[in-house]
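Opening a fresh notebook page for this one. I'll jot down what I looked up, in the order I looked.

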Protein chains: 2
Amino acid sequence: MGKVNIKSIAAALNLSPATVSRALNDSYEIKKETKERVLAYAAEHDYRPNPFAKHLKTGKTNLIGVVIPFLSSPFFLEFIDELYKAVLPQHYTLIPFQTQNCEKIEKEALDFLIRQHVAGIIISPAHENSNTELLKHIHHHTCPVILFDRIQHDLDTYKIGIHNSLETYNATEELIRKGRTKIALLCGKDIGNTKDRIRGYKNALHNYAIPFREEYVIHADYQDPAENIDNELKEVFNKLNDTDKMPNAIVGGTDTLSIKILGVLTNLNLTVPEDVAVIGFTNTNLANYLNPALSTIRQPTQEMAGLALELLLALIDKDHDRRDLTYKNFLLQATTTYRKSTDI
Amino acid sequence: MGKVNIKSIAAALNLSPATVSRALNDSYEIKKETKERVLAYAAEHDYRPNPFAKHLKTGKTNLIGVVIPFLSSPFFLEFIDELYKAVLPQHYTLIPFQTQNCEKIEKEALDFLIRQHVAGIIISPAHENSNTELLKHIHHHTCPVILFDRIQHDLDTYKIGIHNSLETYNATEELIRKGRTKIALLCGKDIGNTKDRIRGYKNALHNYAIPFREEYVIHADYQDPAENIDNELKEVFNKLNDTDKMPNAIVGGTDTLSIKILGVLTNLNLTVPEDVAVIGFTNTNLANYLNPALSTIRQPTQEMAGLALELLLALIDKDHDRRDLTYKNFLLQATTTYRKSTDI
DNA sequence: TTGTAAGCGTTATCAT
DNA sequence: ATGATAACGCTTACAA
């Protein structure tokens with residue numbers, strides 16, 4: 001099993017390595033016949049270009065770094081999944097990383113990706129403006145960076161997300177229309193898009209003249225391990241229940257929270273949707289299998305991933321100074337599906 | 001921002017590149033003082049070795065390929081997650097791949113990984129004996145391969161899994177003890193470990209003198225897109241229901257099925273666990289939040305991932321002919337948790 | 001203890 | 001249309 005490389009092909013076909021290289025890269029300088037000979041031989045002997053040598057020479061890799069908070073969140077999982085599908089026909093490889101919403105881990109991930117000489121990075125930051133300076137430096141001097149989902153960040157680049165305030169407004173409004181007024185909003189603490197969601201929530205209340213109650217905006221700290229979040233949720237709702245302030249509707253502002261809250265309510269012997277209606281931002285396929293089936297606001301992960309990749313590849317190809325470019329925010333359309341959990 | 005590499009460090013410190021390289025690699029030949037000078041300079045200028053050049057020279061990469069059927073299955077997701085954690089302190093990078101249970105996609109993934117010159121591969125095969133020849137060839141001539149979870153495969157290497165027949169026996173027995181006799185087994189079609197699970201299921205029935213009924217072993221085809229599986233499940237259970245053969249207990253043999261079946265039963269207006277008790281092989285953290293909370297048989301993903309990595313790294317380091325080694329199967333202990341769904 | 005030089009598999013620049 | 005040669009950044013005999 002002698003290694004087959006450009007040199008061995010050249011020797012076998014009585015050509016120079018340079019010619020073989022050019023033939024393989026379909027250079028216009030090489031005549032058709034030679035190209036065919038080389039390609040045939042290469043195929044027959046299962047030649048595979050060495051990506052390391054290639055990179056060493058060209059300075060370019062086919063690696064794309066993906067930095068997300070959690071893989072255990074249905075939304076991010078789905079996004080990565082779609083990214084995998086989108087990247088397959090292109091000749092790029094994904095290197096995914098999780099930050100656990102921790103800025104320090106995020107920094108390590110970014111350092112690692114730089115060391116691997118990735119061609120570009122797609123990231124949903126751990127926090128609003130986490131690693132801002134580092135990300136700016138990378139985007140300006142090393143490789144292009146694209147933001148998605150958590151797009152409240154000072155890095156000036158393409159940003160892909162949904163219209164959080166509008167979607168939250170609509171969900172809240174729907175609950176109001178169904179006669180609920182004691183509406184709580186569950187959100188992640190210190191996450192980029194929380195602000196927008198609160199804004200939409202407040203606007204809806206305001207437009208229907210429902211007084212805003214501070215205790216109905218519930219922040220869960222996402223850096224906690226899962227068990228802490230569970231306890232946090234239970235505690236908050238136990239307290240609301242004890243003090244007779246239990247909301248009769250909940251908008252789940254993040255993926256995992258929206259599902260967990262169903263369990264918490266069950267433990268309190270509250271029935272969904274009769275006692276408490278629930279709708280959540282979440283991309284889980286399981287929504288339909290939960291009991292009751294969960295109403296969801298679903299982000300268009302396929303579209304998001306496709307667009308992220310497209311924009312990133314464009315930036316990789318073009319060799320402009322990335323500080324001079326004018327970037328755009330892409331706010332895509334979410335899909336809200338009303339199921340049993342809001343069927344009042 | 002001139003690139004800092006071994007050459008530039010050498011020039012700055014009036015040393016030869018070779019000395020710098022040796023100093024960075026902590027070679028015994030270099031005197032302490034020189035090492036310190038080099039290390040200090042490297043740290044100050046944020047030197048990062050170019051992994052591509054390194055590989056080109058040494059023929060070794062720090063890449064580990066991971067091939068799994070689905071990322072959307074809680075078990076595989078958790079496994080990958082644990083693998084990420086385990087690999088972090090080692091200096092390796094994971095390249096995960098999904099096969100969708102399709103042998104052809106699996107082949108493509110393996111080809112890709114070979115082209116990337118991965119140092120080793122951890123795989124849960126698409127099918128019993130999928131890509132056997134290719135995997136043998138890789139393991140013998142290219143890089144070590146380790147199997148996990150679906151370990152019914154002719155490749156002779158380390159295999160890591162659980163004792164499927166025993167675990168299924170125990171779950172079935174528990175349902176029998178609780179008085180259920182019409183017990184169905186939900187399993188994936190053509191997946192390596194299905195056989196063992198059926199065996200455990202049959203043994204339990206047999207030991208309690210409960211007649212085995214063919215129609216209670218339900219195979220779901222996992223290559224189908226999600227919607228098809230949903231419909232398949234619905235159809236099967238509708239039919240059982242119509243013909244008055246509805247089981248009063250179900251052992252969910254795979255991850256996703258165990259969760260989906262809850263939704264299917266709800267649609268049939270059947271109550272869990274009163275009408276039908278359910279227990280499933282699944283690693284989802286959501287089990288506790290489902291309604292009712294799902295009894296689960298949980299695989300020890302952390303232990304599995306740690307062991308897989310440890311064994312793989314050992315094979316990578318050692319340069320034996322891998323055909324001559326004697327391998328072992330590791331059957332780890334699963335954890336069964338009984339919750340509401342079997343609380344009869 | 002350090003330096004010199006060759007080479008890993010490519011591609012780019014020249015020359016022919 | 002093709003060939004010769006150097007170079008990418010690193011490691012490793014071999015020399016000193």
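**Entry 1: odd backbone spots.** I started in chain B, where Asp149(B) sits in the loop between strand E4 (145-148) and strand E5 (159-162). I stopped there since Asp149(B) is not a glycine and yet has a positive phi of about 65 degrees. Buried or exposed, I wondered about Asp149(B)? Asp149(B) is buried, its relative accessible area being 6%. A reminder to myself: this is a predicted model, so these are computed angles.

Next I went to chain A for another case. Asp244(A) also caught my eye, with phi near 65 degrees, which is positive in a residue other than glycine. I found Asp244(A) in the loop between helix H10 (226-242) and strand E8 (249-252) of chain A. Asp244(A) has 68% relative accessibility, so I put it down as exposed, the cut-off being over 50%.

Then I looked at omega. The peptide bond between Val272(A) and Pro273(A) is cis, with omega about 5 degrees. Pro273(A) belongs to the loop between helix H11 (255-267) and strand E9 (277-281) of chain A. I checked chain B too: the bond from Val272(B) to Pro273(B) is cis, with omega near 5 degrees. Pro273(B) is in the loop between helix H11 (255-267) and strand E9 (277-281) of chain B.

**Entry 2: how the two chains relate.** I superposed chain A on chain B and got an RMSD of 0.2 Å, using a turn of 180 degrees and a shift of 0.1 Å along the axis. What kind of axis is that the relation of? I wrote down a two-fold axis. The same surface serves both copies, as 98% of the contact residues of chain A recur in chain B.

**Entry 3: nonpolar cores.** Which members of the largest nonpolar core touch the most other members? They are Phe237(A) and Phe237(B), in a core of 102 residues. I listed the partners of Phe237(B), leaving out residues up to four places away in sequence: Leu186(B), Ile218(B), Met246(B), Pro247(B), Ile250(B), Ile261(B), Val264(B) and Leu268(B). I also noted a second, separate core of 68 residues, and its members include Leu77(A) and Ile80(A) along with Met304(B) and Leu311(B).

**Entry 4: DNA strand D.** How many residues surround DNA strand D? I have 27, the closest being Thr19(A), Arg22(A), Thr34(A), Ile6(B) and Tyr47(B). By class, the surface near strand D has 10 nonpolar, nine polar and eight charged residues.

I then asked which helices supply at least two residues each to that surface. From chain A they are helix H2 (17-24) and helix H4 (51-58), and from chain B helix H1 (6-13), helix H2 (17-24) and helix H4 (51-58). H4(B) gives the most, four residues.

Looking at the DNA side, I noted that 66% of the atoms of strand D within 4 Å of the protein belong to sugar or phosphate, and the rest to bases. I picked out some phosphate contacts as well. A polar backbone atom of Ser16(A) is 2.8 Å from a phosphate oxygen of strand D. For Lys31(A), a polar backbone atom is 3.2 Å from a phosphate oxygen of strand D. Thr34(A) uses its side chain, with a polar atom 2.8 Å from a phosphate oxygen of strand D.

**Entry 5: DNA strand C.** I repeated the lookup for the other strand. There are 27 residues around DNA strand C, and Ser21(A), Thr19(B), Arg22(B), Thr34(B) and Lys57(B) come nearest. I sorted them by class and got nine nonpolar, nine polar and nine charged.

Helix H1 (6-13), H2 and H4 of chain A, plus H2 and H4 of chain B, each supply at least two residues of the surface near strand C. Which helix gives the most here? H4(A) does, with four residues.

Of the strand C atoms within 4 Å of the protein, 62% are in sugar or phosphate and the rest in bases. Both Ser21(A) and Tyr47(A) turned up with phosphate contacts: a side-chain N or O atom of Ser21(A) is 2.7 Å from a phosphate oxygen of strand C, and a side-chain N or O atom of Tyr47(A) is 2.7 Å from a phosphate oxygen of strand C. I also logged a base contact, in which an N or O atom in the side chain of Lys57(B) is 3.1 Å from a base nitrogen of strand C.

Terms used. Residues numbered from 1 in each chain as written. Chains lettered and ligands numbered in written order. Predicted model: local features only at pLDDT ≥ 70, side-chain atom pairs only at ≥ 80, totals over all residues. Heavy atoms only, no water. Least-squares fit on C-alpha atoms with pLDDT ≥ 70 in both. Contact = heavy atoms within 4.5 Å. Core = buried A, V, L, I, M, F, W, Y, C linked by side-chain atoms within 4.5 Å. Buried < 20%, exposed > 50% of the residue type's maximum accessible area, 1.4 Å probe, protein only. Near = heavy atom within 4 Å. Polar contact = N/O pair within 3.5 Å; in protein donor to acceptor, adjacent residues only side chain to side chain. Nonpolar A, V, L, I, M, F, W, Y, C, P; charged D, E, K, R; others polar.
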